[in-house]
Protein chains: 4
Amino acid sequence: MKPLQTFHNLSPGKQERITRVAVEEFSEKGYAGASINAMVRRLGIAKGSIFQYFGDKKGLFLFAFNTAMERVKDYLRTVRDQTASEDLFTALEATLTAGVIFMEKHPVIYRLYIKAMFEDDIPFRSEILRSLREYSFKYFRSLLERARARGELRRDIDLDKAAFVLDALMDRFLISRTVPHLDAGLGIHGCSPEDARQWIAQITDIVRLGIGSR
Amino acid sequence: MKPLQTFHNLSPGKQERITRVAVEEFSEKGYAGASINAMVRRLGIAKGSIFQYFGDKKGLFLFAFNTAMERVKDYLRTVRDQTASEDLFTALEATLTAGVIFMEKHPVIYRLYIKAMFEDDIPFRSEILRSLREYSFKYFRSLLERARARGELRRDIDLDKAAFVLDALMDRFLISRTVPHLDAGLGIHGCSPEDARQWIAQITDIVRLGIGSR
Amino acid sequence: MKPLQTFHNLSPGKQERITRVAVEEFSEKGYAGASINAMVRRLGIAKGSIFQYFGDKKGLFLFAFNTAMERVKDYLRTVRDQTASEDLFTALEATLTAGVIFMEKHPVIYRLYIKAMFEDDIPFRSEILRSLREYSFKYFRSLLERARARGELRRDIDLDKAAFVLDALMDRFLISRTVPHLDAGLGIHGCSPEDARQWIAQITDIVRLGIGSR
Amino acid sequence: MKPLQTFHNLSPGKQERITRVAVEEFSEKGYAGASINAMVRRLGIAKGSIFQYFGDKKGLFLFAFNTAMERVKDYLRTVRDQTASEDLFTALEATLTAGVIFMEKHPVIYRLYIKAMFEDDIPFRSEILRSLREYSFKYFRSLLERARARGELRRDIDLDKAAFVLDALMDRFLISRTVPHLDAGLGIHGCSPEDARQWIAQITDIVRLGIGSR
DNA sequence: TATGAATGAGAGTTCATTCAT
DNA sequence: GATGAATGAACTCTCATTCAT
């Protein structure tokens, strides 16, 4: 019997409940800190069941993490599609804003991503991070390539470097909204969506002057 | 008897050895993951002694962390003093370069900082991070204020936002050199100091156009 | 519904497969160590089925063990029949040689026998072992009685004691070929069939002088 | 801190109690079957203590086993010394008798030996068995060499083969007294010491004729 | 008849913390 | 002041067995 086979035979409602609790637990306590005991206590099921479904803690984490990341990718895909006709900097603003909204609705997922990023001994850490970063860079690269084709960029700008800057700024901005006290009192953490838009506008402005065509 | 009282009565060599081992352990395994068992094994001292010196695990961590961060601050102070007469962007390049050099020499300290940043259940996490970030922002703010006084900045730029951008880019760049696979194959992780300088130059260049006076 | 009833309604092929896997598992890991989980995994059938067929783990073991021992007895019977006209010591040599050959072809069965012999908590351990030993002794006793009738034995030898010696030597010799390092470097374990015959000849020789008629 | 260091700092009485309980548990249930939970329950100490003393289950077993075997070797040494002036077959009888007496007083140790012999997954099984068997063979070889020097043996007898026979018979005889129902009703198991001497005498008699000088 | 999801006791192991010496 | 033995809760993981479908 393959792992996950058993799990996928459960009712969708139960699958969803288990996944949600697992994501929350890993999100709150990281991989090593997460307790399967705590999960089954919250779920009201037997400890053995988790191991029947996922084989071991590693398998559970991988499943929870991948499930969560799929939702991020889905979301990002729709953003890109909706900004296809906009210029680069409008698209960037939209992306950041979308990121803020997503995090507002799914803070748990963002924290899980953070944990995977900076905790050691995450199962398949390298593969996971490499694949995520690749996805993110490809996203910004594709925005930049579209912009270059339209003549929106400085001629001499290196697309890799530019993508790095975009990724760094967006990532840090979003992290600041999640991780308390990372913004040194600037007020990013927990600020209103309107204030967030102000921040986004000004950051984008700096970037436009840095890499834009004029 | 105050905690740390007994610790400071030890010979400087012993104090230094204990501090070093504690910093290494927390740096490698994070707060929750660190094992006092492991530390005393490496140190060859009794487990009870640690509790006598520092009260509990929390006290040990706080001491180790603060000690490590003092070294960072000392280092940063000398960088600022040495670049007092340079223009903003030269000073920024120097700062990033200095950061690369520091990390090269003290990777353990940088990892400890990362762990403190992204792990929950760090004792006094809020206070620690707030104080660190404050220090970092003040550093960049002071550079920017110096630059504004000299007319090196766009008139309309908001210094807080600019400091945010500088801090974000510098931080992400340095993290990329430490955490594997965070750079999506761009080659920042583990690149040679010369390649790092190239990266720094180009990032600074983007920033100059974004916030510089012309 | 009697247990085993449902099992015997299965296709002979399936019965045989289940028996074989069970014997292998018990042979490798002993009774307590054997895992029904592992068996059904290898068989690709439902765990519940095993309990339907055999009631519980005990029933499964008993069936597997008895099935395996039947094969040993069948084999031993043919050996005795084929040596009916030989003198005692030729028959003994033939028996030992046959034992070696059987083990060579059915190591799994021999290991199962060993496990049953020396593990506690074997279900019905006493009955099982008593019956096996009885069978073995009867075998040697019948050889000895035949020999006595032909005047091949010392007058004053006690047949029980002699049977004990024969059984002990044969058993130990065969075990030495299976269990590594039981022969203290004498080279019995894993030796070639030819070398085994040399050993057999010399052991038989000692026995002949010990109990033979002259 | 080395494993066993801590343990040896305990009071001799406590060390002895722990060792005794461990030997009993392994002796009754084998390695895999033994439960550290059960041991600490019987001892009335905390589970963690066992791991502090011995590191892990493997370490505990190794210690318990070696301690038990030392007692066997000590005993055997005194037997050999006391029979130095006897002829081979008298010495053999004394050895077997001594074995019977030892087992009568220490059945737990003998069962532990049996378990180590026939259970798989014993830690360092190969090394343990090789060393034990070597010790046993050397013992019989030394008796045989002494006998050959005195002209008590058949000229053409191979000492290795003879030692094998002695070891096999002695071992099986002693096992028969411990493991129930291994004697097929011959009455070795649990027989009185006097009956045991009778058996010993007759077995020795067979061996004498098989390998003796006349 | 066959299935396989559910169970929960029990396994070995690690750990921060306490306290008598 | 330094020690290190003692603790017990919490951890991940395995297993035979049950029973509704």
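These are my notebook entries on aromatic rings, DNA contacts and two unusual loop residues in a predicted model.

**Entry 1: aromatic rings**

I started with the rings, since they are easy to spot on screen. A pair of aromatic rings is described by the distance of the centres and the angle of the planes. Over all chains, I noted a count of 56 aromatic pairs. I picked B:Phe7 and B:Tyr53, whose ring centres are 5.7 Å apart with 55° between the planes, a tilted pair. Next I looked up where the two partners sit in the chain. B:Phe7 belongs to helix H1 (residues 5-8) of chain B, while B:Tyr53 belongs to helix H4 (residues 47-54) of chain B. The pair therefore links distant parts of the chain, 46 residues apart.

Are these two residues buried or exposed? B:Phe7 counts as buried because its relative accessibility is 0%. B:Tyr53 has 8%, so it counts as buried too.

I then turned to chain C for another pair. The planes of C:Phe26 and C:Tyr31 are at 10° and the ring centres 6.0 Å apart, so I wrote this pair down as stacked. Planes under 30 degrees apart count as stacked, which is why the angle settles it. C:Phe26 is buried, at a relative accessible area of 1%. For C:Tyr31 the value is 12%, and this residue is buried as well.

In chain A I found a cluster: A:Phe7, A:Tyr53, A:Phe54 and A:Phe63 form one aromatic group.

**Entry 2: lysines over rings**

Which residue lies over the face of A:Tyr31? I found A:Lys57 there, at 4.9 Å from the ring centre. In chain B, I saw B:Lys57 over the face of B:Tyr31, at 5.0 Å from the ring centre.

**Entry 3: chains that do not meet**

I checked two pairs of chains for contacts. Chains B and C have no contact, and their closest C-alpha atoms lie 33 Å apart. Chains A and D have no contact either, with their closest C-alpha atoms 20 Å apart.

**Entry 4: the surface near DNA strand F**

How many residues are around DNA strand F? I noted 37, of which A:Lys57, C:Ala34, D:Thr6, D:Lys14 and D:Tyr53 come nearest. On the DNA side, sugar and phosphate make up 53% of the strand F atoms that come within 4 Å of the protein.

I sorted the residues of this surface by kind: 13 are nonpolar, 14 polar and ten charged. Several helices each supply at least two of them, including helix H3 (36-43) of chain A and helix H4 (47-54) of chain D.

Then I zoomed in on the phosphates of strand F. A backbone N or O atom of C:Ala34 is 2.8 Å from a phosphate oxygen. For C:Ile36, a polar backbone atom is 3.0 Å from a phosphate oxygen of the strand. In chain A, a polar backbone atom of A:Ile36 is 3.2 Å from one.

**Entry 5: positive phi in two loops**

Last, I looked up two residues with a positive phi that are not glycine. A:Phe124 has a phi of about 55°. I located A:Phe124 in the loop between helix H7 (107-118) and helix H8 (125-149) of chain A. With a relative accessible area of 43%, A:Phe124 is partly exposed.

The other one is C:Asp121, with phi near 60°. I found C:Asp121 in the loop between helix H7 (107-118) and helix H8 (125-149) of chain C. Why does C:Asp121 count as exposed? Its relative accessible area is 61%, and exposed means over 50%.

Terms used
Residues numbered from 1 in each chain as written. Chains lettered and ligands numbered in written order. Predicted model: local features only at pLDDT ≥ 70, side-chain atom pairs only at ≥ 80, totals over all residues. Heavy atoms only, no water. Phe/Tyr/Trp six-rings, centres within 6.5 Å; stacked < 30°, edge-to-face > 60°. Helix = DSSP H or I, 4+ residues; strand = E, 2+ residues; numbered from the N terminus. Buried < 20%, exposed > 50% of the residue type's maximum accessible area, 1.4 Å probe, protein only. Lys NZ or Arg CZ within 6 Å of the ring centre and 35° of its normal. Contact = heavy atoms within 4.5 Å. Near = heavy atom within 4 Å. Polar contact = N/O pair within 3.5 Å; in protein donor to acceptor, adjacent residues only side chain to side chain. Nonpolar A, V, L, I, M, F, W, Y, C, P; charged D, E, K, R; others polar.
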